[in-house]
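The exercises below are to be worked with the sequence and the structure in view. Each task is followed by a solution in steps.

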Amino acid sequence: MTDMNRIWRDGLWDNNPGLVQLLGLCPLLAVSNTAVNGLGLGLATLIVLVASSVLVSALRNTWRPETRIPAFVLIIASTVTAIDLSMQAWLHELSRSLGIFVPLIVTNCTILARAEAFASRQPVGSSLVDALAQGTGFAAVLVVLGAGREMVGRGTLLDGAEMLFGDSAAGWSIPVLPFEQGLLLAVLPPGAFIGLGLLVAGRQYLVNRSREAGVKSRPAPSTADPTTP
Amino acid sequence: MKESSTLAPALAVFAGLGLVAALLLAGLNALTEERITDERRNHALRAVSAMLLAGSYDNDLLDTAEPIEIRGLEEATTYTSRLSGSATALVFDIVTANGYSGDIRLLVAVSAEGVVLGSRILEHRETPGLGDRIERDKSDWLAQFDGKSLGRPPAEEWAPDRRGGAFDTVTSATISSSAVVDAIKRVLLTFESRGDVLLRETQAK
């Protein structure tokens, strides 16, 4: 069970694909302009990741170096095509809003990386948990970054929720900040880089602080005192 | 030789995988194809019918789609709204290449008398925060064309005020403003010279 906890902790925090591995940055930066767009792409990526990891893991005894990568790409591309068709049929407005980035999930290195580094060596159960953890970690970064950029750049939150949750969600948009025109930079591409940088820095700050707290509870380390050798 | 004998099963799995994937995707495609076509159609219909008052037409707007040539515009399609057989308005779906960064696609509804009923930006790549205020969701700028026609204001005043015309300019976006004003003007000019024909042609069908 601790194994599973470890996998969850890795995906969400210790080895988060967006904040630590810095994988899949292209969609992460491009689509995180609103919280709803971020959530939409995050969920689509999560589904693809789960499907591809389970398949790769289930067939792990048949892989050979010569066929492994082509087979992974085949599995990932098929899953993405299925998601893309389904979104066009049942979440049409959202798929328009996400545009080319749904088909481009194929190129998200997180998915191939998990297939290669984890699912191809681990049993189906662990691979499923790993895919859920990594996918949730990636989606969480997308939503947080999207929400931040949307609030600062447009002064709203959850604008366009009806694209994902149906017409009943049309009123979910919350005006967070009072201005009509937000800080433009946040919505433009540089805002994505700055926002991600702040998130990475924020995570690092928390990690360092908890490490320092752990150190202080033990006897003072020798390096803290310059007079001792 | 040993090498190839161990490679064969892996290749078989790979080939099988490809076959299964192809079959599943073909099935899903067959399942979703109709719905996707419907959704695309609905998307287009929603945009065009939003230009017209409910009850001002009783025909299938998408059936009246007719590509036409307008000088100075990249693409143009007209939709005709009809009430018990007689044309009430034309909706022009046009693309202008004069935007600040790429094409701007917009809908302009013109009444049978040549008055602008409404307009809406469908696609554009103008600067967020500046040029994108031509969109109706972002500002009221586009509403100033409602009720205007080629006589009011006269054709030579169809330009943003930053360029000596009669219309407001979006602040810091003279090029975007000018592209939209010019596109609507071209629609009205087309309507003036060919409107009768356009209305009659689509009616005859």
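Two residues are in contact if their C-beta atoms, placed from the backbone, lie within 7 Å. The model used here is predicted.

**Exercise 1. Describe the surroundings of Ile83(A) and the core it belongs to.**

Solution.
Step 1. Leave out residues up to four places away in sequence; Ile83(A) then touches Ala44(A), Ile47(A), Val48(A) and Val102(A).
Step 2. Place Ile83(A) in the largest nonpolar core, which has 49 residues. Ile83(A) is one of those with the most contacts inside this core, a group that also includes Ala44(A), Val48(A) and Val102(A). Ala35(A) and Leu142(A) complete the group.
Step 3. List the elements of chain A that give two or more residues to this core: helix 2 (25-31), helix 3, helix 4, helix 5 (92-98), helix 6 (109-119), helix 7 and helix 10 (189-217). Helix 3 of chain A supplies the largest share, eleven residues.
Step 4. Look for a separate core. Another one, of 38 residues, lies apart from the core just described, and Leu107(B), Val110(B), Ala179(B) and Val187(B) are among its members.

**Exercise 2. Determine how helix 3 and helix 7 of chain A are oriented to each other.**

Solution.
Step 1. Two packed helices are described by the angle between their axes and the distance between the axes.
Step 2. For helix 3 (residues 35-58) and helix 7 (residues 124-154) of chain A, the angle is about 165° and the axes are 8 Å apart.
Step 3. Angles over 145 degrees count as roughly antiparallel. Helix 3 and helix 7 of chain A are therefore roughly antiparallel to each other.
Step 4. The crossing of helix 3 and helix 7 of chain A is right-handed. Sorted by class, the residues in this contact are 19 nonpolar, eleven polar and two charged.

**Exercise 3. Which elements of chain A give two or more residues to the side that touches chain B?**

Solution.
Step 1. Count the residues on each side: 22 come from chain A and 19 from chain B.
Step 2. Assign the side of chain A to its elements. Helix 4 (65-90) and helix 9 (184-187) of chain A each give two or more residues, and helix 4 of chain A gives the most, with 13.
Step 3. Sort this side of chain A by class: twelve nonpolar, eight polar and two charged residues.

**Exercise 4. Summarise the fold of chain A in terms of elements, burial and contacts.**

Solution.
Step 1. Chain A has ten helices and two strands, in the order α-α-α-α-α-α-α-β-α-β-α-α from the N terminus.
Step 2. Of the 229 residues in chain A, 41% are buried.
Step 3. Take the contacts in chain A between residues at least 6 apart in sequence; 78% of these join residues at least 24 apart.

Conventions. Residues are numbered from 1 along each chain as its sequence is written. Chains are lettered from A and ligands numbered from 1 in the order in which they are written. This is a predicted model: local features need pLDDT of at least 70, side-chain atom pairs count only at pLDDT 80 or more; totals for chains, interfaces and linings use all residues. Axes are lines fitted to C-alpha atoms, for helices over the stretch in contact, and angles run from 0 to 180 degrees between N-to-C directions. Helices (H or I, at least four residues) and strands (E, at least two) are DSSP runs, numbered from the N terminus. Angles under 35 degrees count as roughly parallel, over 145 as roughly antiparallel, 65 to 115 as roughly perpendicular and the rest as oblique. A crossing is left-handed if the near helix is turned anticlockwise from the far one by less than a right angle, and right-handed if clockwise. Ala, Val, Leu, Ile, Met, Phe, Trp, Tyr, Cys and Pro count as nonpolar, Asp, Glu, Lys and Arg as charged, and the others, Gly among them, as polar. A nonpolar core is a set of buried Ala, Val, Leu, Ile, Met, Phe, Trp, Tyr and Cys residues joined through C-beta atoms within 7 Å. A residue is buried if 20 or more other C-beta atoms lie within 10 Å of its own, exposed if 12 or fewer, and partly exposed in between; C-beta atoms are placed from the backbone.
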